[in-house]
Amino acid sequence: MKYAVIFEQGPTSVGETVPDLPACFAVAPNLAEARKSSAEAIAFHIEGLREDGVPVPEPTSHAEDVSVAD
C-alpha cells in the first residue's frame, strides 16, 4: 500500500503526517531523515491498529504541488 505523507518544515525539524492514518505522525531533524522514517512510522502505526483490532484505512489521499501566480 502507498500512503500520502505530508512533510512540514519547522524551525528545527521536519514533521510528517499521514492524512489517511489519523494520529500517525513523526518528527525528524531534516527532510532526508523524514523520508527514511516515513515507512517505519506507517508500519508501526498499522501494526498498532491491527493489535487493537481496528481496521486499517485504505489509502485514499493524493498530494500534488500546485503553482500559483505571485
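User: What share of the contacts in the protein chain with a separation of 6 or more comes from residues 24 or more positions apart?

Analyst: Residues 24 or more positions apart supply 35% of those contacts, a contact being heavy atoms within 4.5 Å. The model is predicted: local features need pLDDT of at least 70 and side-chain atom pairs count only at pLDDT 80 or more, while totals for chains, interfaces and linings use all residues. Numbering starts from 1 along each chain as its sequence is written, and side-chain values use heavy atoms, leaving out hydrogens and water.

User: Which elements make up the protein chain, and in what order do they run?

Analyst: The protein chain holds 1 helix and 3 strands, in the order β-β-β-α from the N terminus. These are DSSP runs numbered from the N terminus, helices being H or I with at least four residues and strands E with at least two. The C-alpha atoms fill a box of roughly 50 × 25 × 15 Å along the principal axes.

User: What makes β2 and β3 a pair of strands?

Analyst: Strands pair if DSSP finds at least two bridges between them. Strand β2 (residues 14-17) and β3 are joined by 4 bridges, therefore they pair, and they run antiparallel. Within this pairing, Thr-17 has Phe-25 of β3 as its bridge partner. Phe-25 lies with Val-27 on the uncovered face of β3, whereas Ala-26 and Ala-28 form the covered one.

User: Why is Cys-24 called buried or exposed?

Analyst: Buried means under 20% relative accessible area, exposed over 50%, and partly exposed in between, with a 1.4 Å probe and protein chains only. Cys-24 has 5% relative accessibility, so it counts as buried. Cys-24 sits in the loop between β2 and β3. Beyond residues up to four places away in sequence, it touches Glu-16, Thr-17, Val-18, Ala-41, Ile-42 and His-45. Over the 70 residues of the protein chain, 26% count as buried.

User: Why is Pro-19 placed in its accessibility class?

Analyst: The value for Pro-19 is 44%, which lies between the two limits, so the residue counts as partly exposed. Pro-19 is also in the loop between β2 and β3. Leaving aside neighbours within four places, Pro-19 contacts Ala-4, Ile-6 and Ser-61. His-62, 43 residues away in sequence, has its C-alpha atom 9.2 Å from that of Pro-19.

User: How do you know that Lys-36 and Glu-33 form a salt bridge?

Analyst: A salt bridge requires a side-chain nitrogen of Lys or Arg within 4 Å of a carboxyl oxygen of Asp or Glu. The closest N and O atoms of Lys-36 and Glu-33 are 3.7 Å apart, therefore the pair qualifies. By this rule the count is 1 salt bridge. Both residues lie in helix α1 (residues 31-51), 3 residues apart, about one turn of the helix. Lys-36 is exposed at 58%, and Glu-33 is partly exposed at 35%.

User: What makes the space found by the search a cavity, and which element gives the most to the lining of the largest one?

Analyst: On a 1 Å grid over the protein atoms alone, a cavity is a set of points where a 1.4 Å probe fits but cannot get out, and lining residues have an atom within 4 Å of a point. The search finds 1 cavity of 30 Å³ or more, and the largest cavity holds about 40 Å³ of space. Helix α1 gives the most to its lining, with 3 residues. Residues of that lining include Glu-16, Cys-24, Phe-25 and Ala-26.

Note on methods: 1 Å grid on protein atoms, 1.4 Å probe; cavity = no way out; pocket = protein on both sides within 12 Å on 5 of 7 lines; lining within 4 Å. Points joined across faces, edges and corners; volume = space filled by probe spheres on them.
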